[in-house]
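Me: I would like to learn how to read helix packing, burial and backbone angles in a model. Can we go through some cases?

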Amino acid sequence: MACLLEAPLRISVLSEVTATSRHYVDRLFDPDPQKVVQGVIDMKNAVIGNNKQKANLIVLGAVPRLLYLLQQRTSSLELRTECAVVLGSLAMGTENNIKSLVDCHIIPALLQGLLCPDLVFIEACLRCLRTVFISPVTPVQLLYTDPTVIPHLMSLLSHSQRTQEYITQIFSHCCKTPEHQTVLFNHGAVQNIAPLLISPFYKVRMQALKCFSVLAYENTQVSMTLMNGEESVLFPPVFSKPRSRALTYMCRAGAIGTDDNCIVLKTLPCLVRMCSKEHLLEERVEGAETLAYLMEPDVELQRIASTTDHLVATLADYFKYPSSVSAITDIKRLDHDLKHAHELRQAAFKLYASLGSNDEDIRKKITETENMMDRIVSGLSESSIKVRLAAVRCLHSLSRSVQQLRTSFHDHAVWKPLMKLLQNAPDEVLIMASSTICNLLLEFSPSKEPILESGVIELLCSLTKSDSPALRVNGIWALMNMAFQADQKIKMEIVRCLGTEQLFRLLSDPDNNVLMKTLGLLRNLLSTRPHIDQIMSSHGKQIMQAVTLILESEHSIEVKEQTLCILANIADGNTAKELLMTNDDMLQKVKYYLGHSNVKLQLAATYCISNLIWNEEDGSQERQDKLREMGFVDILHKLTQSSDPSLCDRAKTAMQQYLA
């Protein structure tokens with residue numbers, strides 16, 4: 001019976017709430033304009049801080065009526081302004097609220113409202129627009145649909161402190177692509193926003209800096225314009241966090257040198273300080289991620305950062321936050337930080353990856369930080385995809401170290417979680433994980449053997465069939481590393497699993513990196529004479545066809561050099577070299593490259609001829625005679641006079657085979 005009583009109770013409570021909310025909506029339709037104004041004001045007071053009331057009013061259809069009143073020219077300015085305020089309050093609720101408002105076409109209505117000459121109404125519309133646009137569910141493209149909107153917003157910047165704050169914030173959140181940057185730049189964003197950097201109002205200055213940050217991100221044109229026009233306001237005596245981010249983006253875009261004092265002595269130290277535990281979680285995340293981006297391509301900045309304020313040790317605290325003894329007394333803040341603690345781990349992994357991308361001593365310092373390898377391994381299986389990606393990026397950075405591959409990576413068996421990650425992950429994680437596996441498969445890595453035993457060949461072969469060029473490159477690169485000085489069994493397994501059709505499909509891949517790595521794989525497969533002879537006996541015809549196709553096509557010097565090196569390897573086989581000697585067309589191609597203007601190609605062709613005519617091998621006399629008849633000796637004689645010492649020596653070595 002108790003269960004039966006529960007439903008009516010729920011219905012009565014819901015009816016009561018709906019009736020109360022309905023009263024607010026009904027008053028919007030009152031024929032007396034003054035009562036409508038009072039009804040909107042009462043609605044405003046009712047929804048402040050009350051998400052349930054906001055949701056009820058949206059469900060009951062308050063938004064279309066508020067928008068209607070806001071757009072009516074017969075409505076008083078007071079009514080229109082109060083409608084904009086209520087709509088702004090409704091937008092501060094949940095993401096579903098924002099979706100409902102956008103679906104009701106709130107953005108065009110508010111943008112139209114900006115044409116009104118009344119400043120208070122304009123500010124109310126801008127405040128609501130700001131709240132709507134900063135939500136991740138709002139399509140930012142809606143700001144750019146009407147080409148007159150951006151120039152009009154630029155013209156409103158000078159009207160008041162509030163218009164400056166709201167408009168720059170809107171621009172910051174709606175500038176997501178290079179196209180958006182171009183639109184804002186072409187409409188005078190730099191010239192119009194630059195004066196705000198010296199505004200007496202802190203919020204305006206900060207929003208202006210944030211706006212410049214997104215405008216300058218990977219944009220040389222904007223960054224150079226900022227440098228040339230506003231240097232004095234960008235380099236004040238006291239550095240702020242948003243200013244450091246703006247200068248970071250300008251530095252990465254090439255407008256400021258990485259050795260400039262404003263970067264080394266001001267921006268970098270400011271970002272390092274942001275990582276300390278005295279700052280809020282959001283600031284620590286921003287500091288670490290911005291610093292990682294700043295020094296990513298620069299070894300010297302990485303070295304400076306690693307010795308600044310014990311940064312490597314400071315980042316270890318990111319994995320312990322918030323702890324049971326945390327100093328957070330604000331329950332809301334504690335709840336927020338618990339929900340967002342994964343962002344700290346993600347930021348720490350990113351910064352460690354950037355710090356350790358070049359310097360061996362820094363990598364050692366990172367891996368020796370308390371439980372760091374265990375934390376990275378744990379990060380590979382976190383629920384957050386962003387943390388997993390950052391963890392594998394960190395692992396990839398550390399895997400560039402021969403010492404770490406031989407010690408930390410082996411001790412913690414990092415190949416196991418990496419292999420698990422390769423089984424099922426989004427492409428961005430797969431790319432980084434497979435790139436790390438490439439390093440773990442290098443000859444000197446102790447992880448190579450257990451990875452091979454885990455059945456990785458089939459998995460890597462499947463990557464070579466991916467639509468993503470990066471995954472195809474990594475798949476073939478890993479196979480190339482695996483084939484280096486491998487035993488015959490592994491090589492034959494690679495050929496069997498990859499299949500000749502796929503191998504030759506990769507040799508005609510439009511991506512040059514894929515082609516180069518495939519040639520590298522073929523070169524590694526065709527090394528040591530028994531292996532060369534066996535592979536050429538079963539696949540020689542197809543390999544020679546592929547080599548012919550590449551040498552006849554328009555390819556780079558590097559591609560043709562690799563291809564000639566493959567021919568040199570084939571020429572080193574005991575029986576495989578006959579495939580060359582019986583192919584006059586191929587010999588003519590080698591002869592052509594022997595007389596080529598590029599030394600690299602000449603050198604590779606000379607190696608090929610040397611292997612064919614080497615005296616100590618059976619049948620060398622017949623091969624020497626045939627190549628003499630084809631004119632190879634005359635060319636080799638000329639090459640002994642080459643100004644390139646390597647080519648000269650190699651040609652002399654080849655000529656000695658004829659003289660012996």
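**Helix pairs, then single residues**

Reply: H27 and H28 are oblique to each other. This is a predicted model. The two helices pack at an angle of about 140 degrees, with their axes 9 Å apart.

Me: Why does an angle of about 140 degrees make H27 and H28 oblique?

Reply: Angles over 145 degrees count as roughly antiparallel, 65 to 115 as roughly perpendicular and under 35 as roughly parallel, and the rest are oblique. The pair therefore falls in the oblique class. The crossing of H27 and H28 is left-handed. On the H27 side the contact is made by Trp415, Leu418, Met419, Leu421 and Leu422. H28 contributes Val429, Leu430, Ala433, Ser434, Thr436, Ile437 and Leu440.

Me: What is the general idea behind the spacing of such residues along a helix?

Reply: An α-helix has 3.6 residues a turn, so residues three or four places apart point the same way.

Me: How are H21 and H24 oriented to each other?

Reply: Under 35 degrees, an angle counts as roughly parallel. The axes of H21 (residues 331–355) and H24 (residues 385–398) cross at roughly 20 degrees and come within 8 Å, so the helices are roughly parallel. The crossing of this pair is left-handed. Residues of H21 that meet H24 include His342, Gln346 and Phe349; among their counterparts in H24 are Lys386, Val387, Ala390 and Cys394.

Me: What should the 15 residues of H42 span?

Reply: The estimate uses 1.5 Å a residue, multiplied by one less than the number of residues. For H42 (residues 645–659) the expected span is 21 Å, and the end C-alpha atoms are 21 Å apart, which agrees.

Me: Which residue caps the N-terminal end of H42, and which residues of H42 are buried?

Reply: Asp644 is the cap, with a side-chain oxygen 3.3 Å from the backbone nitrogen of Ser646. The buried residues of H42 are Leu647, Cys648, Ala651, Ala654, Met655, Gln657 and Tyr658. Helices H39 (599–613), H40 (620–629) and H41 (632–639) are among what covers them.

Me: Arg623 lies in H40. Is Arg623 buried or exposed?

Reply: The cut-off for buried is under 20% relative accessible area. Arg623 has 4% relative accessibility, so Arg623 counts as buried. Beyond its neighbours within four places in sequence, Arg623 is in contact with Lys577, Glu578, Met581, Leu612, Glu617 and Asp618.

Me: Where is Leu442, and what is in contact with Leu442 beyond its neighbours within four places in sequence?

Reply: Leu442 is in the loop between H28 (427–440) and H29 (448–453). At 25% relative accessibility, this leucine counts as partly exposed. Apart from those sequence neighbours, Leu442 is in contact with Lys448 and Asn481. Leu442 and Leu405 are 37 residues apart in sequence, while their C-alpha atoms are 9.3 Å apart in space.

Me: What sign does phi have in most residues other than glycine?

Reply: Most residues other than glycine have a negative phi. In Glu218, phi is positive, near 55 degrees. Glu218 lies in the loop between H13 (202–216) and H14 (220–229), and with a relative accessible area of 54% it is exposed.

Me: What is phi in Thr528, and where is Thr528 found?

Reply: Thr528 has a positive phi of about 65 degrees, although it is not a glycine. Thr528 is found in the loop between H34 (512–525) and H35 (529–552). With a relative accessible area of 45%, Thr528 is partly exposed.

Notes. Residues are numbered from 1 along each chain as its sequence is written. This is a predicted model: local features need pLDDT of at least 70, side-chain atom pairs count only at pLDDT 80 or more; totals for chains, interfaces and linings use all residues. Side-chain values use heavy atoms; hydrogens and water are left out. Buried means under 20% relative accessible area, exposed over 50%, partly exposed in between (1.4 Å probe, protein chains only). Contact means heavy atoms within 4.5 Å. A polar contact is a pair of N or O atoms within 3.5 Å; within protein, one must be able to donate a hydrogen and the other to accept it, and residues adjacent in sequence count only if both atoms are side-chain atoms. Axes are lines fitted to C-alpha atoms, for helices over the stretch in contact, and angles run from 0 to 180 degrees between N-to-C directions. A crossing is left-handed if the near helix is turned anticlockwise from the far one by less than a right angle, and right-handed if clockwise.
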